[in-house]
Amino acid sequence: MTAPILITGAGQRIGLAFAKACLEQGQPVIATYRTYRPAVDALQKAGADCVHADFATNEGIDAFIDTLMTKTDSLRAIIHNASDWLPERNDTDPGEVMQAMMQIHAMTPYRINLACRALLENSDQTTDIIHMTDYVVEKGSAKHIGYAASKAALANLTLSFARLLAPKVKVNSLAPSLIMFNSGDSEAYREKTLKKSLMGIEPGVEVAVQTLQFLLDTPYITGRNLPLDGGRHLA
């Protein structure tokens with residue numbers, strides 16, 4: 001029986017697209033979601049095992065891990081895609097912002113990786129962990145300081161877990177910048193953002209799906225942070 005891929009935050013955007021691509025290939029998927037969306041039902045109908053999970057607290061992480069252990073004794077991969085994007089504002093407590101960002105982007109992958117080590121190693125093939133980081137790790141962000149710092153922590157976890165789990169488990173991270181706009185983004189914002197990369201396009205989620213699949217397929221990359229930014233660092 002084929003071991004499932006665990007995809008966190010699979011209710012929308014990249015996580016949803018990759019879950020669909022896996023299912024279309026006959027790859028079993030365990031998909032987590034925090035907020036219900038109709039896409040969750042669609043994933044369930046396509047064969048995914050969809051699990052509600054709230055990673056905002058350690059108790060939520062514990063509950064998810066307990067549930068996961070009842071569903072499978074092995075994993076093909078873990079894709080850490082669950083994310084939030086809280087800004088620093090005058091009406092928010094900066095300590096709460098930083099704590100929330102670190103909890104979701106660093107503590108959650110850290111705890112799940114450690115808890116699932118045996119599931120990943122209980123396979124006849126090389127398995128994978130992929131952390132979804134962000135282009136912002138390279139430059140920081142004046143408006144999303146906690147977010148940028150937490151994604152940088154996640155990028156560093158890639159290095160540590162690659163050392164810990166080699167050679168049985170490959171551990172890499174994928175750092176996208178613009179992949180797709182939100183429906184409410186203005187034309188002015190879109191035009192400004194497109195100019196930030198050399199390629200100057202909104203590539204869509206398919207490029208992320210392709211790159212995630214590449215990282216799963218390649219046998220000789222581990223401990224690396226792969227940019228997916230259209231040359232933004234040179235623009």
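**Talking through a cavity, a patch and two residues**

Modeller: In this predicted model, the largest cavity holds about 50 Å³ of space.

Biologist: What makes that space a cavity, and not a pocket?

Modeller: A 1.4 Å probe fits there but cannot get out, so the space is called a cavity, whereas a pocket is an open set. The structure holds one cavity of 30 Å³ or more.

Biologist: And which elements give two or more residues to the lining of the largest cavity?

Modeller: Those are α4 and α7 (145-165). Helix α4 gives the most, with four residues. The lining includes Ile104, His105, Lys151 and Leu154.

Biologist: How do you know how the lining residues divide into nonpolar, polar and charged?

Modeller: By residue type: Ile and Leu count as nonpolar and Lys as charged, while His falls among the others, so His is polar. Over the whole lining, that comes to five nonpolar, five polar and one charged.

Biologist: Let's go to the surface. Which residues form the nonpolar patch there?

Modeller: Met107, Tyr110, Leu114 and Leu164, with about 330 Å² of accessible area together. Helix α4 (residues 94-115) supplies the largest share, three residues.

Biologist: Why is Leu114 called partly exposed?

Modeller: Leu114, found in helix α4, has 42% relative accessibility. Partly exposed lies between under 20% for buried and over 50% for exposed, so Leu114 counts as partly exposed.

Biologist: Thr218 is in the loop between α9 (205-217) and β7 (225-228). Why does Thr218 count as buried or exposed?

Modeller: Its relative accessibility is 13%. Buried means under 20%, so Thr218 counts as buried.

Note on methods: Residues numbered from 1 in each chain as written. Predicted model: local features only at pLDDT ≥ 70, side-chain atom pairs only at ≥ 80, totals over all residues. Heavy atoms only, no water. Patch = residues over 30% accessible without salt bridge, like charges linked within 9 Å, V, L, I, M, F, W, Y side chains within 5 Å. Areas by Shrake-Rupley, 256 points an atom, 1.4 Å probe, with all protein chains shown as cover. Salt bridge = Lys/Arg side-chain N within 4 Å of Asp/Glu carboxyl O. Buried < 20%, exposed > 50% of the residue type's maximum accessible area, 1.4 Å probe, protein only. 1 Å grid on protein atoms, 1.4 Å probe; cavity = no way out; pocket = protein on both sides within 12 Å on 5 of 7 lines; lining within 4 Å. Points joined across faces, edges and corners; volume = space filled by probe spheres on them.
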